[in-house]
Amino acid sequence: MKALLWKDFRINLPVIITGLLLWFAAYAAIGLNVWLQTWPVFPGRGQWSEVIQIASVGGRALLTIVVGVLGANAIASERAERSTEFLFSLPPTRLKILTSKFLVALTTTILLWLGHQFMSDVVSPWLSANGASVNRVPLLGYTGGLVLIFGSTWLGSARLSSPAFALGGGIALCVAVISVLFEISRRVTWPVPDLVPIGMLVAGITAFLVGSIYYLRRIEP
Amino acid sequence: MSTIKGETIATEANGPAIELEGLTKHYGGTAAVENLTLAVPRGTTLGLIGPNGAGKSTTIKMLMGMLTIDAGRARILGLDVSENMPAIKQRIGYVPELHQTYRWMRISELIGFTRSFYKTWNDDVCDSLLDLFGLDRRKKVKQLSKGMLTKVSLLLAVSHEPEVLILDEPMSGLDPLVREEFLDGVLRVVCERQCTVLFSSHALGDVQRMADNVAMLYDGKLLVHCPVDELLSSAKRVRAVLRDGVLPRWQPPETIWQQVQRREWLLTVNPCSPALLDQLQAENPVEHVEVNSVGLEDLFKDYVKGRRGTP
C-alpha cells in the first residue's frame with residue numbers, strides 16, 4: 001500500500017504543488033492589496049485579521065477547484081499515461097489501487113482545508129483586537145460543495161481517459177445538480193432546512209460510489 | 001501446497017502450470033476465443049501463434065484477469081484465475097505487447113515500486129539482468145527506447161522468480177539485436193529455474209527456437225497443439241507432378257493446404273506417412289512425387305491459407 005500511496009502522491013504532485021501555491025496566493029494577494037492601500041504604513045493587527053478572514057474565504061473557493069482537479073486526475077491520468085495495464089499486471093487488487101488514489105486526494109484536501117481553518121479560526125482571532133472571528137464559511141454548505149465537486153470529477157475520471165474531460169464533465173454535473181437543488185428548494189412550499197447543502201452532499205457521495213463501482217468493474221485497458 | 005514467506009497457498013503440485021478448459025470470450029456477437037482447451041505442463045514453453053485477431057492476446061488477457069471469461073475455466077498453478085488473481089500474480093510474470101509504464105519514474109524507482117508488491121523478489125536476479133541488458137538505473141523511463149523498455153519489462157516480470165512467465169508478443173517491432181538480447185534473458189530464466197513460459201509471437205523463428213510445444217489459433221479456435229519437434233517431423237510439403245491435362249482426383253484428408261499450378265500440385269500434409277504417399281500416387285495421375293520438410297513459418301502460413309481457402 002505504501003508504494004501505491006507514493007506513486008499516487010507523485011502522480012498528483014503537480015496538483016498538490018498548485019494547491020499549495022493557490023493557498024499562499026490567496027493570503028499574499030489580499031494582504032498585498034491591503035498593504036498597497038495603506039502604503040507606506042504597514043497595516044495593523046486588526047487589518048491583518050480581516051485580511052486573513054477574507055483570504056481564507058477566497059482560499060477555500062480556490063480549494064474547490066483543486067479538489068475538482070484531484071478527483072479528475074485520480075483515475076483518468078493513469079489511463080491517459082497508459083500505465084493501467086502495467087498496474088493491473090501487479091498483485092494489488094483494484095480496491096487497494098482505488099483506496100490509495102482516494103487517500104491521497106482526501107489527505108491533500110483535508111490538509112489544505114485545515115490550513116485555511118487554522119488561519120481563520122486561530123490566527124485571525126489572535127490578531128484581532130477583540131479576539132472575535134467573523135465572516136465564517138458555512139461548514140455544511142462548503143463541505144457539501146467539496147464533496148459534490150470531488151464525487152462528480154471522480155465519476156468522470158472513472159469513466160473517461162482524459163483528466164481534462166473528467167474535470168469538465170464533473171463541473172457540468174455539479175452545475176446541473178446545484179441548479180436542480182435550488183429549483184427544488186424554490187418550489188417546495190414546506191420548510192426544508194439545509195436542502196441544498198445536504199442534497200450536494202448526497203449527490204457527491206452517490207457520484208463517488210458510482211464512479212468507484214464502475215472502476216472496480218470496468219475492463220481495462 | 002506451496003509457501004511464499006510464511007503464507008501457504010493450496011495448489012496442485014504436479015498438475016499443469018496452465019490449464020484452459022472450454023475458454024470462451026465474445027465481443028458483441030463475435031467470438032474472439034471459442035471453446036479453447038489446452039494445458040501447459042510445468043517447466044515447458046508453449047508458443048502461442050496465429051494471425052492478427054486469432055485470439056492470442058484475448059486468451060492471455062483472460063489468463064491475466066484483465067478480461068472477464070464468458071464461459072469455461074482458466075487455471076494457473078492449479079488456481080482459478082477468476083477467484084485467486086492476487087495470489088496468482090505473486091507467482092507469475094507478465095510482459096505485455098506495449099511496454100507502457102510510469103514515464104516519470106527512474107528505472108530504480110520503477111524497480112523499487114514493483115519490488116514492494118512481491119514477497120519473492122530477488123535483488124540478485126534483478127541486478128544480473130540490469131547488467132546483462134546494460135540498463136542504467138538512473139535513467140527515466142521516458143528516456144528509454146522501445147528496446148530498452150522491453151528489457152525493463154522483462155526484468156520487472158522475472159525478478160520475483162515467477163513460476164510462470166507470460167509474454168504477449170513482447171518482441172514486436174524490435175530490431176534483431178534487441179530481440180536476441182531479450183530472448184537471452186528469457187532463456188536464462190527458463191534454464192535457471194525451470195520456469196513455465198507461455199508466449200505469443202509472430203516471430204516464428206523465435207517460437208521454433210524457444211518453444212517445446214506450439215498452439216496455433218485461428219478465429220479464436222485451436223487448430224494445432226503439439227510439440228514443435230513432432231509437428232515439424234510429421235508435417236511435410238508434397239510436390240507432385242501431374243500428368244498432362246489432368247487434375248488431382250483424390251486429396252488426402254490430412255491436407256492442410258494445397259495449390260495446383262499447371263502440372264505442379266503442391267500440398268502440405270500433417271501427418272504425412274509413407275502409406276499416405278503410396279495412396280496419393282495410386283489414386284492420382286502423378287508422374288513424380290517429392291517430399292520436403294517444412295519450417296514452422298511455412299507451416300503456419302499453410303494452415304492460415306488453408307483455413308482461408310486461399311492458394
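**Notes on the pocket and the chain B sheet**

1. Start with the pocket: α2(B) gives the most to the lining of the largest pocket, namely three residues. Keep in mind that this is a predicted model. The volume of this pocket comes to about 520 Å³.

2. Who sits around it? In total 23 residues line the largest pocket, and A:Arg94, A:Leu216, B:Gly65, B:Met66 and B:Met85 lie nearest its centre. The elements giving two or more residues to that lining are α2 (85-89) of chain B plus α5 (94-127) and α8 (195-217) of chain A. By character, the lining has 14 nonpolar residues, four polar and five charged.

3. Now to the sheet in chain B. Six strands make up an open sheet with mixed pairing, in the order β8-β9-β10-β5-β11-β12. At the edges are β8 (92-95) and β12 (221-227) of chain B, each pairing on one side only. From one strand to the next, the twist averages 15 degrees.

4. For a closer look at one pairing, take β11 (residues 213-218) of chain B, which runs antiparallel to β12(B) over six bridges. B:Ala215 stands opposite B:His225 of β12(B).

5. Two helices are worth finding here. Helix α5 (residues 146-158) of chain B lies across β8 and β9 (164-168) of chain B, at about 170 degrees to β8(B). Helix α6 (residues 176-193) of chain B packs on the sheet and touches β5 (45-49), β8, β9 and β10 (196-200) of chain B, its direction making about 160 degrees with that of β9(B).

6. Finally, B:Leu132 belongs to helix α4 (residues 123-133) of chain B. Is B:Leu132 buried or partly exposed? Its relative accessible area is 33%, so B:Leu132 counts as partly exposed. Beyond its neighbours within four places in sequence, B:Leu132 contacts B:Gly185 and B:Arg188.

Technical notes: Residues are numbered from 1 along each chain as its sequence is written. Chains are lettered from A and ligands numbered from 1 in the order in which they are written. This is a predicted model: local features need pLDDT of at least 70, side-chain atom pairs count only at pLDDT 80 or more; totals for chains, interfaces and linings use all residues. Side-chain values use heavy atoms; hydrogens and water are left out. On a 1 Å grid over the protein atoms alone, a cavity is a set of points where a 1.4 Å probe fits but cannot get out, and a pocket is an open set with protein on both sides within 12 Å along at least five of seven lines; lining residues have an atom within 4 Å of a point. Grid points are joined across faces, edges and corners, and a volume is the space filled by probe spheres set on the points. Helices (H or I, at least four residues) and strands (E, at least two) are DSSP runs, numbered from the N terminus. Ala, Val, Leu, Ile, Met, Phe, Trp, Tyr, Cys and Pro count as nonpolar, Asp, Glu, Lys and Arg as charged, and the others, Gly among them, as polar. Buried means under 20% relative accessible area, exposed over 50%, partly exposed in between (1.4 Å probe, protein chains only). Contact means heavy atoms within 4.5 Å. Two strands pair if DSSP finds at least two bridges between them. Axes are lines fitted to C-alpha atoms, for helices over the stretch in contact, and angles run from 0 to 180 degrees between N-to-C directions.
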